[in-house]
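Okay, thanks for coming, everyone. I'll put the structure up now, and then we can walk through it together.

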Amino acid sequence: KAQAYGNPTIMADSKVVDEAEQLKARANDRFKNKNYAEAIELYSRAIELNPGIAAYFANRSIANLRSEYYGSALDDATRAIEIDRAYVKGYYRRAAANMALGKFKASLKDFETAYGIVYGSYLGSFGFRSSGFVPEIAMRGRSIRSVRRL
């Protein structure tokens, strides 16, 4: 048995871990080629083999997001965060899913948390918002000013 990468409480056979990683690599290729349905399927199979890896859930989350399955994207991002509370991509993916669902306050909170992890400490709303670290909000046509009013 080998420790499942990313979660010391889950033990998995090293062959299973290797197979899951191969599935993830194949899924990443499908994702790069914009074949999101196949990517989701392959990430799901990797998760079945080794469910303790936050990256598998975060990757499936972005594939769901690109497929406009926003609820599934939110669920996967949340699971990634549950597995690894310091996994920045999990917060970023959940923020993007919340943004797509129109949950701007929840989205901003996750962007703040991601920013705090990256820069070493949680910064309050003012420090975060004034930093310019709100790329999804800008891309979605929301101004910082409109987010502050939320």
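I'll start with the overall layout, spend most of the time on one helix and its surroundings, and finish with a couple of single residues.

So, first thing to keep in mind: this is a predicted model. The protein chain has nine helices and two strands, and if you read along the sequence the pattern is β-β-α-α-α-α-α-α-α-α-α. There are 150 residues in the protein chain, and 43% of them count as buried. As for contacts with a separation of 6 or more, 45% come from residues 24 or more positions apart.

Now, the helix I want you to look at is H3, residues 54–66. With 13 residues, H3 reaches 19 Å from its first C-alpha to its last, close to the 18 Å expected at 1.5 Å a residue. How many of its residues are buried? It's 12 of the 13, so H3 is mostly covered. The buried set includes Tyr56, Phe57 and Ile62, but also Asn59, Arg60 and Asn64.

And what do the buried residues of H3 pack against? Four helices: H1 (14–32), H2 (36–49), H4 (70–83) and H5 (88–100). Just past the end, H3 is followed by glutamate 68, and the phi there is positive, near 65°.

That brings me to the core. Nonpolar side chains in soluble globular proteins tend to be buried together. Here the largest nonpolar core has 27 residues, and among those with the most contacts inside it are Phe31, Tyr43, Tyr56 and Ala80. H1, H2, H3, H4 and H5 are the elements that each give two or more residues to this core. The largest share, eight residues, comes from H3.

Okay, helix pairs. H3 and H4 pack at about 165°, with their axes 8 Å apart. Anything over 145 degrees counts as roughly antiparallel, and therefore that's what we call H3 and H4. H3 passes H4 in a left-handed crossing. On the H3 side, the contact includes Ala54, Phe57, Ala58 and Ser61; on the H4 side, residues including Ala73, Ala77 and Ala80.

Let me stay on alanine 80 for a second. Leaving out residues up to four places away in sequence, alanine 80 touches Ala54, Phe57, Ala58, Tyr87 and Gly90.

Then there's H1 and H2. This pair packs at an angle of about 165°, and the axes are 8 Å apart. That makes H1 roughly antiparallel to H2, and their crossing is left-handed. Among the residues making the contact are Leu23, Ala27 and Phe31 of H1, with Ala39, Leu42 and Tyr43 of H2.

Two single residues before I stop. Arginine 93 lies in helix H5. Is arginine 93 buried or exposed? Buried, because its relative accessible area is 12% and the cut-off is under 20%. Setting aside neighbours within four places in sequence, arginine 93 is in contact with Ala58, Asn59, Ser61, Ile62 and Ala77.

The other one is alanine 106, in helix H6, residues 104–119. Alanine 106 counts as partly exposed, at 32% relative accessibility. Its C-alpha is separated by 7.0 Å from that of alanine 95, with the two residues 11 apart along the chain.

So if you take one thing away, let it be H3: mostly covered, and the source of the largest share of that core. Okay, over to you.

Notes:
Residues numbered from 1 in each chain as written. Predicted model: local features only at pLDDT ≥ 70, side-chain atom pairs only at ≥ 80, totals over all residues. Heavy atoms only, no water. Expected span 1.5 Å × (residues − 1). Buried < 20%, exposed > 50% of the residue type's maximum accessible area, 1.4 Å probe, protein only. Contact = heavy atoms within 4.5 Å. Core = buried A, V, L, I, M, F, W, Y, C linked by side-chain atoms within 4.5 Å. Axes fitted to C-alpha atoms, helices over the stretch in contact; angles between N-to-C directions. Parallel < 35°, antiparallel > 145°, perpendicular 65-115°, else oblique. Left-handed = near helix turned anticlockwise from the far one by under 90°.
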